[in-house]
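Please find below my notes on this model, set out point by point. They go from the overall fold to the core, and then to individual residues.

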Amino acid sequence: PFASNVCLNAQSDIPLFEEPELFEDDEDMIPVAEAYIHAKYKQVAAAHDHAVANKDDVREVLHSILPPVTLAELEREEENIMKDLLSHKQNSADAINEDDFVKSMIKNTYWRDAGDIVVKELMYFDSLHSYYKTGKPLLDNNNYDELHENLTWEGSSIATMNAKEVQFVSAVAASKRGESLMDDAEYTTLKSELKKEGSWVVNRGEDALEKLGLN
C-alpha cells in the first residue's frame with residue numbers, strides 16, 4: 001500500500017486529483033512565506049495608519065503579491081479571501097486578525113496555480129523592491145538568506161538581480177498594472193544603461209520573468 005493524492009468521485013468512480021499544497025515538497029519555505037505575509041500585513045496597515053488591516057488592505061496586499069492579473073481576477077480573488085476571513089467570528093471588513101490574514105493569503109489561488117518556484121521568485125523580488133524603495137527589509141536576515149539560497153540552488157536568475165535591475169523590472173511590473181514608477185525618459189535611460197551592461201533583464205529570451213508575467 002502507498003499514499004496517493006487520487007480520490008474517486010462517489011457518483012461516477014472517475015479519479016479526481018487533489019490540488020497540491022504550496023511548498024508541499026519544500027517545507028523550509030513555509031515559515032519564510034508566513035513571515036513575508038506577516039510583513040506585508042504590518043506594512044500596509046502602517047501605511048494607512050491602521051492598528052489592524054481591513055478589507056481595503058486585503059485588496060492592496062493581493063495587488064502587490066500576485067502576478068499581473070486582470071481587475072476581474074483581482075476582485076474574484078479578493079472575494080474568495082474575504083469569504084474565508086469572515087468565516088472566523090473575530091474578523092470583520094474593518095478589522096482582520098493578522099494570523100487569519102496570513103493563513104488566507106498563503107492559500108490564494110494564483111500562488112497555488114503558479115507553483116513553488118514562481119512564488120519564491122515573487123517573494124524575493126518584492127522583498128528586494130521594498131528594500132531598495134524604502135530602505136526597510138520585509139524579511140529578516142535569516143528568512144532572506146533562506147530564500148536567496150533556495151532560489152540560487154534552483155538556478156533562478158531572480159536571485160542575481162542588482163538594484164538597477166530591480167528598478168527596471170519594478171517599472172515593467174507597474175506598467176502591467178496600469179501604474180507608472182518613472183517617466184518615459186527615465187525608463188529609456190535605465191534600459192539603455194542595462195543593455196550596455198549586458199543585463200539579462202533587457203537581453204533575454206524566455207526566463208524567470210516570463211513566469212511572473214513581466215515579459
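1. Fold order. Along the sequence, the protein runs β-β-α-α-α-α-α-α-α-α-α-α. That gives two strands and ten helices. The model is a predicted one, and the points below should be read with that in mind.

2. Burial and surface. The protein has 215 residues, of which 39% count as buried. Its exposed area is about 12,500 Å², and carbon and sulfur atoms supply 49% of that area.

3. Contact range. Taking the contacts in the protein with a separation of 6 or more, 63% are between residues 24 or more positions apart.

4. Nonpolar core. The largest nonpolar core is made of 52 residues. Ile 37, Val 58, Trp 111 and Met 161 are the residues with the most contacts inside this core. Helix H1, residues 29-47, gives the core its largest share, namely eight residues.

5. Ile 37. Which residues does Ile 37 contact, leaving aside its neighbours within four places in sequence? They are Ile 65, Phe 101, Val 102, Met 105, Ile 106 and Trp 111. Trp 111 is also among the residues with the most contacts inside the largest nonpolar core, so a reader inspecting Ile 37 may wish to display both side chains together.

6. Lys 120. This residue is placed in helix H6, which spans residues 116-134. Is Lys 120 buried or exposed? Its relative accessible area is 0%, under the 20% cut-off, so Lys 120 is buried. Not counting residues up to four places away in sequence, Lys 120 touches Phe 23, Asp 26, Met 29, Leu 147, Asn 150, Leu 151 and Glu 154. The acidic residues Asp 26 and Glu 154 are thus on the contact list of Lys 120.

7. Aromatic pairs. The count of aromatic pairs comes to five. One pair is Tyr 124 with Tyr 144: the ring centres are 5.4 Å apart and the planes stand at 25°, so this pair is stacked. The angle matters here because planes under 30 degrees apart count as stacked.

8. What the tyrosine pair joins. Tyr 124 is in helix H6 and Tyr 144 is in helix H7 (residues 141-154), so the pair ties together parts that are 20 residues apart in sequence.

9. Accessibility of the two tyrosines. Tyr 124 has a relative accessible area of 2% and is therefore buried. Tyr 144 is at 26% relative accessibility, between the 20% and 50% limits, so Tyr 144 counts as partly exposed.

Note on methods. Residues numbered from 1 in each chain as written. Predicted model: local features only at pLDDT ≥ 70, side-chain atom pairs only at ≥ 80, totals over all residues. Heavy atoms only, no water. Helix = DSSP H or I, 4+ residues; strand = E, 2+ residues; numbered from the N terminus. Buried < 20%, exposed > 50% of the residue type's maximum accessible area, 1.4 Å probe, protein only. Contact = heavy atoms within 4.5 Å. Areas by Shrake-Rupley, 256 points an atom, 1.4 Å probe, with all protein chains shown as cover. Core = buried A, V, L, I, M, F, W, Y, C linked by side-chain atoms within 4.5 Å. Phe/Tyr/Trp six-rings, centres within 6.5 Å; stacked < 30°, edge-to-face > 60°.
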